[in-house]
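Trainee: Got a minute to go through this one with me? I'd like to start with one residue and work outwards.

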Amino acid sequence: MELARELRRRNRRAMFLSLRTLLRLIGFQRARTLGSWLGDLQFWSGGRQRQRLQREIAHVLGRPPHDPAVRALLLQAYRVNNGALMEIMAMFDQRQDDSTLATRCELSGLEHLRAALSQGRGAIVLATHMGNASLAMIRLSQSGLPVSLLYRKARMMSDGFFQNGLEQYGIQAILANSGIRAYGQMLAALKQGRVLFLMMDQGLRKAEDGVMQRFLGKDVPMPAGPAQLARVSRSPVLPMVAVAASPVWQFEFQPQLALGQGTLEADVDFLT
């Protein structure tokens with residue numbers, strides 16, 4: 001068992017180094033094209049995983065598992081998200097020119113974010129693992145707003161890759177794995193009037209670490225942290241949604257949510 005884990009770790013490390021080298025050769029501008037090709041490869045070689053994902057998408061959409069539209073949607077998802085991953089790796093490995101990044105991402109709904117920030121308690125932005133949300137954060141930082149991000153270590157990436165990558169764009173990186181220290185850093189960021197990005201659309205490994213919720217057709221332990229942080233800090237909470245992937249990434253900040261009217265569990269349910 002230990003040997004198998006070590007082999008998987010080494011394989012992930014080798015893949016990361018290979019992709020990083022390739023991205024350095026082709027540059028950020030071609031990173032998304034590379035990701036699309038990798039998405040095709042992952043889709044056609046996915047086997048059981050692809051079949052499982054196809055069944056689950058069909059279940060969520062209320063369609064038959066072998067519906068051609070479901071298959072096409074899954075293929076597009078592989079292409080888009082692998083493209084986003086390659087862009088993120090290229091951006092964080094080597095700092096990209098601001099003007100180049102500006103042409104690849106559009107933000108709307110900034111009036112909602114500025115209205116929230118005017119309350120003087122910072123703002124919690126709930127983002128999702130959809131598209132290149134990291135680019136949206138960089139664009140916001142480029143506009144002059146102080147930005148912080150709570151992130152988790154990725155098994156594929158080398159130590160410090162995310163933190164160093166974010167900080168070179170002026171974004172404060174808060175490591176979620178540091179526990180109570182991370183919580184203190186988030187509270188401090190909000191008190192300083194910063195925009196704090198949190199990802200809530202990823203279930204926890206252990207049920208006891210979260211609040212069980214019905215999410216995309218499954219019972220999943222969802223993190224209570226964002227709701228708890230909002231209740232303690234009294235900071236406004238806004239969703240940021242991905243609305244387009246092509247020809248450029250488009251993200252929209254939506255109006256502030258009404259939280260804190262009931263129990264913590266009710267707030268978690270509402271955010272989910």
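**Contacts, burial and rings**

Mentor: Start with Glu87: beyond its neighbours within four places in sequence, Glu87 is in contact with Phe28, Ala31, Arg32, Arg104, Asn132 and Trp249. Keep in mind that this is a predicted model.

Trainee: Is Glu87 buried or exposed?

Mentor: Glu87 counts as buried, because its relative accessibility is 0%.

Trainee: And which helix is Glu87 in?

Mentor: Glu87 is found in helix H4, which covers residues 68–93.

Trainee: Let's switch to the strands. Where is Val125?

Mentor: Val125 is in strand E2, residues 123–127. With a relative accessibility of 0%, Val125 counts as buried.

Trainee: What is Val125 in contact with, leaving aside its neighbours within four places in sequence?

Mentor: Its contacts are Leu113, Val195, Leu196, Phe197, Leu198, Leu238, Met240 and Phe253.

Trainee: How many residues apart in sequence are Val125 and Gln254?

Mentor: They are 129 residues apart in sequence, and their C-alpha atoms are 9.4 Å apart in space.

Trainee: What about long-range contacts over the whole chain?

Mentor: Take the contacts in the protein chain with a separation of 6 or more: 71% of them are between residues 24 or more positions apart.

Trainee: Now the rings. How many aromatic pairs are there?

Mentor: The count comes to 7 aromatic pairs. In one of them, Phe43 and Trp44, the ring centres are 4.9 Å apart and the planes are at 90°, so the pair is edge-to-face.

Trainee: How do Phe43 and Trp44 stand for burial?

Mentor: Phe43 counts as buried, at 0% relative accessibility. Trp44 has a relative accessible area of 55%, so Trp44 is exposed.

Trainee: And the Phe92 and Phe162 pair, why is that edge-to-face?

Mentor: Because the planes of Phe92 and Phe162 are at 80°, with the ring centres 5.8 Å apart; the cut-off for edge-to-face is over 60 degrees. This pair links distant parts of the chain, as Phe92 is in helix H4 and Phe162 is in helix H8 (residues 161–167), 70 residues apart. Both Phe92 and Phe162 are buried.

Trainee: Which residues form one aromatic cluster with Phe92 and Phe162?

Mentor: Phe16, Tyr151 and Phe161 join Phe92 and Phe162 in one aromatic cluster.

Trainee: Moving on to H7. Why is H7 said to be largely enclosed by the rest of the structure?

Mentor: Helix H7 runs over residues 133–142, and 8 of its 10 residues are buried, so H7 is largely enclosed by the rest of the structure.

Trainee: Which residues of H7 are buried?

Mentor: Ala133, Ser134, Leu135, Ala136, Met137, Ile138, Leu140 and Ser141. After H7 comes Gly144, with a positive phi near 105°.

Trainee: Zooming out, how many helices and strands are in the protein chain?

Mentor: There are 11 helices and 9 strands.

Trainee: What's the radius of gyration of the protein chain?

Mentor: The protein chain has 19 Å, which agrees with the value near 19 Å for a compact globule of 272 residues. Along the principal axes, the C-alpha atoms fill a box of roughly 50 × 45 × 40 Å.

Trainee: And the surface?

Mentor: The accessible surface comes to about 14,700 Å², and 53% of that belongs to carbon and sulfur atoms. Of the 272 residues, 40% count as buried.

Trainee: Last one, on charges. How many are positive and how many negative?

Mentor: The protein chain has 34 positive and 21 negative charges, and their mean positions are 5 Å apart.

Notes: Residues numbered from 1 in each chain as written. Predicted model: local features only at pLDDT ≥ 70, side-chain atom pairs only at ≥ 80, totals over all residues. Heavy atoms only, no water. Helix = DSSP H or I, 4+ residues; strand = E, 2+ residues; numbered from the N terminus. Rg over C-alpha atoms; globule rule 2.2 N^0.38 Å. Buried < 20%, exposed > 50% of the residue type's maximum accessible area, 1.4 Å probe, protein only. Contact = heavy atoms within 4.5 Å. Areas by Shrake-Rupley, 256 points an atom, 1.4 Å probe, with all protein chains shown as cover. Lys, Arg positive; Asp, Glu negative; His and termini not counted. Charge placed at Lys NZ, Arg CZ, Asp CG, Glu CD. Phe/Tyr/Trp six-rings, centres within 6.5 Å; stacked < 30°, edge-to-face > 60°.
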